[in-house]
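Student: I would like a close look at one part of this model. Please pick a strand and tell me what lies around it.

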Amino acid sequence: MSEAYVLINCALGHEEDIIEELTTVPGISEVHGTFGAYDILTKVSGNDSTDMRDIITEKIRKIKFTKGIIKRYIQNINIGVLQKPTSKHPTVTTISVLKTT
């Protein structure tokens, strides 16, 4: 499984249109409007790099009024256990760091 965060820049006034269209794209699990250098943040998931390329290149980049994107692939790194399970608290909590590349 491959995952990436994709930051999207769009034409002024078309943020809502693009967000609405992104919510219909298979492989996109999150879509958020943002303030700053980029207008929209999405989380994209695919089986492999080919799936990711298809979603980003064939779906996201071709949405009308999309001006530019930047993508950051996610690497999940499990760095340890926060607490040990006990009879009172049988759930183990782990700390995970999301490293983007």
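Tutor: Start with a term: two strands pair if DSSP finds at least two bridges between them. Keep in mind that this is a predicted model.

First, the setting. The protein chain has 2 helices and 5 strands. Along the sequence, they follow the pattern β-α-β-β-α-β-β. The part to look at is strand 3, which covers residues 40–46.

Look at its pairing. Strand 1, made of residues 2–10, pairs with strand 3 over 7 bridges. The two run in the antiparallel sense. Strand 2, residues 28–33, is also joined to strand 3, here by 5 bridges. That pair is antiparallel as well.

Now find T42 in strand 3. V6 stands opposite T42. V31 stands opposite T42 too. V6 falls in the range of strand 1, and V31 in that of strand 2. One more pair is worth finding: H32 has L41 of strand 3 as its bridge partner.

How does the chain get from strand 2 to strand 3? The two form a hairpin, with 6 residues between them. G36 sits in the turn, and its phi is positive, about 125 degrees. For another positive phi, go to F65, where the value is near 75 degrees. F65 is not a glycine. Its place is the loop between helix 2 and strand 4. F65 counts as partly exposed, because its relative accessibility is 35%.

Back to strand 3. Is it covered or open? Mostly covered: 6 of its 7 residues are buried. Over the whole chain of 101 residues, 26% count as buried.

Take S45, which belongs to strand 3. It is buried because its relative accessible area is 18%, and the cut-off for buried is under 20%. What touches S45? Leave aside neighbours within four places in sequence, and the contacts are M1, S2, E3, G27, S29, M52 and I55.

Follow the contact to I55. This residue is in helix 2. I55 has 10% relative accessibility, so it counts as buried. I55 and S45 are 10 residues apart in sequence, and their C-alpha atoms are 8.7 Å apart in space. Not counting residues up to four places away, I55 touches V25, P26, G27, I28, V44, S45 and I60.

V44 is on that list, so to speak, as a stepping stone. V44 has contacts of its own beyond four places in sequence: S2, E3, A4, V6, G27, I28, M52, I55 and I60.

These contacts lead into the largest nonpolar core, which has 17 residues. Those that touch the most other members are V6, I8, L22, I28, I40, V44 and I60. Strand 3 supplies at least two residues of this core, and so do strand 1, helix 1 and helix 2.

Helix 1 spans residues 15–22, and its buried residues are I18, I19 and L22. Seen down the helix axis, these fall within an arc of 100 degrees, so they line one face of helix 1. The face turned away from the buried side carries the exposed residues E16 and E20.

Zoom out to the whole chain. Count the contacts with a separation of 6 or more: 58% of them join residues 24 or more positions apart. The chain exposes about 6,800 Å², and carbon and sulfur atoms supply 52% of that area.

Last, how far can you trust the picture? The pLDDT averages 80 over the chain, and 73% of the residues score at least 70. Among the elements, helix 1 has the highest mean, 95, and strand 5 the lowest, 46. Over residues 92–101 the pLDDT is below 50, yet this stretch has 37 contacts in the model beyond near neighbours in sequence.

How values were computed: Residues are numbered from 1 along each chain as its sequence is written. This is a predicted model: local features need pLDDT of at least 70, side-chain atom pairs count only at pLDDT 80 or more; totals for chains, interfaces and linings use all residues. Side-chain values use heavy atoms; hydrogens and water are left out. Buried means under 20% relative accessible area, exposed over 50%, partly exposed in between (1.4 Å probe, protein chains only). Helices (H or I, at least four residues) and strands (E, at least two) are DSSP runs, numbered from the N terminus. The arc is that of the directions from the helix axis to the C-beta atoms. A nonpolar core is a set of buried Ala, Val, Leu, Ile, Met, Phe, Trp, Tyr and Cys residues joined through side-chain atoms within 4.5 Å. Contact means heavy atoms within 4.5 Å. pLDDT is the predictor's confidence in each residue, from 0 to 100. Accessible areas come from the Shrake-Rupley method with a 1.4 Å probe; for residues, only the protein chains shown count as cover.
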